[in-house]
Amino acid sequence: MKKIKTPNIDVAENRADRKRFLAYVKGINSMTENTKAKTESRRKAARIGGKK
Amino acid sequence: MMNFEEFTKNVADNIKDYLPEKYEGAEVVLQDVTKNNDTVLTGILIRTDESNIAPNIYLESFFEQFENGKSFEDIMADIADNRVKNEIEQNFDVSMITDLEKVKDKVICKLINAEMNTSYLADKPHTMVEDLAVTYAIDLGENVGGRMTSPITNSLMKKYDITTEQLHEIAMNNLANSQIEFRTMRDVLVEMLFPDGISPDDPRSFMLPPEEESPSMFVLTNGTKLNGATAILDSKTMENIAERLGGDFIVLPSSIHETIVLPLTPDMDRNALETMVQDVNAGQVAPQERLSDHVYMYDSKEKELVLADKMEERVKAREASKGEKKQDERSEARSSRRSKSMKERISEKKAEAAKNEQSREIVPAKKRETTLE
């Protein structure tokens, strides 16, 4: 039987995926919101502390 | 119901019945191929004497359709159709892969996770960048199914007779001359979700990051958006980003195809970011396309990409050494003061006072008036 040399060639398509991008946007937004909320509550606590 | 092994055997035994006559003498082989992250896929190779190259048709997705109720006959017809459509009539010129001179300009790199690819890396030259491995391939251009690449293996390296360092240098030069894209996440998403554009008051814009003067998320990839995470290996690109973002920045390994860049702000908590990367990987990224569960940072001072926890250590060490330096300066000044005699210090003070007296501006009394409103 004739010996056939077959190079290993991968074929792949463009894989940019909106799902993971949207998940990161959601994650970063919620992280920023959490930080804002924490900063605000710390400020409030400092104001209350200052009044005493 | 057949299991996967029975399914693949049945496909191999009967596929010729569904193919045109010219495939009658073809050799049919089932072969397991290790893909990224050591994912093993089973492919069917149907080789004729006409060409030395044949497509490997992976059977996992066909089996999934079979499990979902599609008939075996319909699936066989689809596999046969796929094989005929991807027929390559001519012989492939193997020197396009084996001859270094022909290959040099086509050497590209791929960035993958080292720990998740121990089997894949076993027969391939690679260079480590933290816990990631840079592997190398030959870009063979586009065909109907997508972009064709052939991995560079240890046996090819023997033919090339070069070291991994030399191969890395070739790949980095080609990367520096290739197209790299650094765009805001908002622009990338608008292009993907609303190719015709979106007005600012469109209710669907809630899913986009806000339009800001200083955007907080960027996507870094290559021109083809395929294996584009390698863009973080291009030193000039990373230096330019550091300049644009004002110093060190965060790199999230969103997939082997791209990374997400975040400017360094006080909001950024490494542990929270790492948890987010792990969650997105587990829920939204195909196992074959996962790059890493860790967060990275670009150290603009050292011009180097490092794991974020290592960067935290570096920052602490730098701050500590700054503190020590200041302390040293203070104690040096103190000791130099102590070493002078009282007489010397008094005469120095006198000289200083005389100098101040000479340089003092005489301000008229009127000018010294303060206006009270």
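**Close-up 1. A salt bridge between sequence neighbours Asp123(B) and Lys124(B).** In this predicted model, the side chains of Lys124(B) and Asp123(B) pair up in a salt bridge, with N to O at 3.0 Å. The two partners sit in different accessibility classes: Lys124(B) counts as buried because its relative accessibility is 10%, while Asp123(B), with a relative accessible area of 38%, is partly exposed.

**Close-up 2. The salt bridge of Asp299(B) with Arg318(B).** Here the N to O distance is 2.6 Å. This pair ties together distant parts of the chain, 19 residues apart: Asp299(B) belongs to strand E12 (residues 296-299) of chain B, and Arg318(B) to helix H12 (residues 308-339) of chain B. How accessible is Asp299(B), buried or exposed? Its relative accessible area is 0%, so Asp299(B) is buried. Arg318(B) has a relative accessible area of 22%, and that makes this residue partly exposed, since the cut-off for buried is under 20%.

**Close-up 3. Glu101(B) and Lys104(B), joined by their side chains.** The salt bridge between these two has an N to O distance of 3.7 Å. Glu101(B) counts as exposed, at 57% relative accessibility. Its partner Lys104(B) comes out at 32% and counts as partly exposed.

**Close-up 4. A salt-bridge network in chain B.** Zoom in on Lys22(B), Glu50(B), Arg83(B) and Glu87(B), and you find them linked in a network of salt bridges. For the wider tally, the structure holds 23 salt bridges over all chains.

**Close-up 5. Helix H2 (residues 60-67) of chain B packed against helix H3 (residues 72-85) of chain B.** The two axes are 10 Å apart and the packing angle is about 160 degrees. Angles over 145 degrees count as roughly antiparallel, which is why H2(B) gets that label relative to H3(B). The crossing of H2(B) past H3(B) is right-handed. Which residues of H2(B) meet H3(B)? From H2(B) they are Phe62(B), Gln65(B) and Phe66(B), and these meet Phe72(B), Ile75(B), Asp78(B), Ile79(B) and Asn82(B) in H3(B). Sorted by class, the residues of this H2(B) to H3(B) contact are five nonpolar, two polar and one charged.

**Close-up 6. Helix H1 (residues 4-14) of chain B crossing H3(B).** The axes of this pair come within 11 Å and cross at roughly 60 degrees. H1(B) and H3(B) are therefore oblique to each other, and H1(B) passes H3(B) in a right-handed crossing. On the H1(B) side the contact is made by Phe7(B), Asn10(B), Val11(B) and Asn14(B); on the H3(B) side, by Phe72(B), Ile75(B), Met76(B) and Ile79(B). The class count for H1(B) with H3(B) is six nonpolar, two polar and no charged residues. Look for Phe72(B), Ile75(B) and Ile79(B) in this view; these H3(B) residues also appear in the contact with H2(B).

**Close-up 7. Gln31(B) and its surroundings.** Gln31(B) lies in strand E1 (residues 27-34) of chain B and, at 31% relative accessibility, counts as partly exposed. What does Gln31(B) touch, not counting residues up to four places away in sequence? The contacts are Leu41(B), Thr42(B), Gly43(B), Leu45(B) and Asn56(B). For a sense of scale, take Asn271(B), 240 residues apart from Gln31(B) along the chain: the C-alpha atoms of the two are separated by 42 Å.

Conventions
Residues are numbered from 1 along each chain as its sequence is written. Chains are lettered from A and ligands numbered from 1 in the order in which they are written. This is a predicted model: local features need pLDDT of at least 70, side-chain atom pairs count only at pLDDT 80 or more; totals for chains, interfaces and linings use all residues. Side-chain values use heavy atoms; hydrogens and water are left out. Axes are lines fitted to C-alpha atoms, for helices over the stretch in contact, and angles run from 0 to 180 degrees between N-to-C directions. Helices (H or I, at least four residues) and strands (E, at least two) are DSSP runs, numbered from the N terminus. Angles under 35 degrees count as roughly parallel, over 145 as roughly antiparallel, 65 to 115 as roughly perpendicular and the rest as oblique. A crossing is left-handed if the near helix is turned anticlockwise from the far one by less than a right angle, and right-handed if clockwise. Contact means heavy atoms within 4.5 Å. Ala, Val, Leu, Ile, Met, Phe, Trp, Tyr, Cys and Pro count as nonpolar, Asp, Glu, Lys and Arg as charged, and the others, Gly among them, as polar. A salt bridge is a side-chain nitrogen of Lys or Arg within 4 Å of a carboxyl oxygen of Asp or Glu. Buried means under 20% relative accessible area, exposed over 50%, partly exposed in between (1.4 Å probe, protein chains only).
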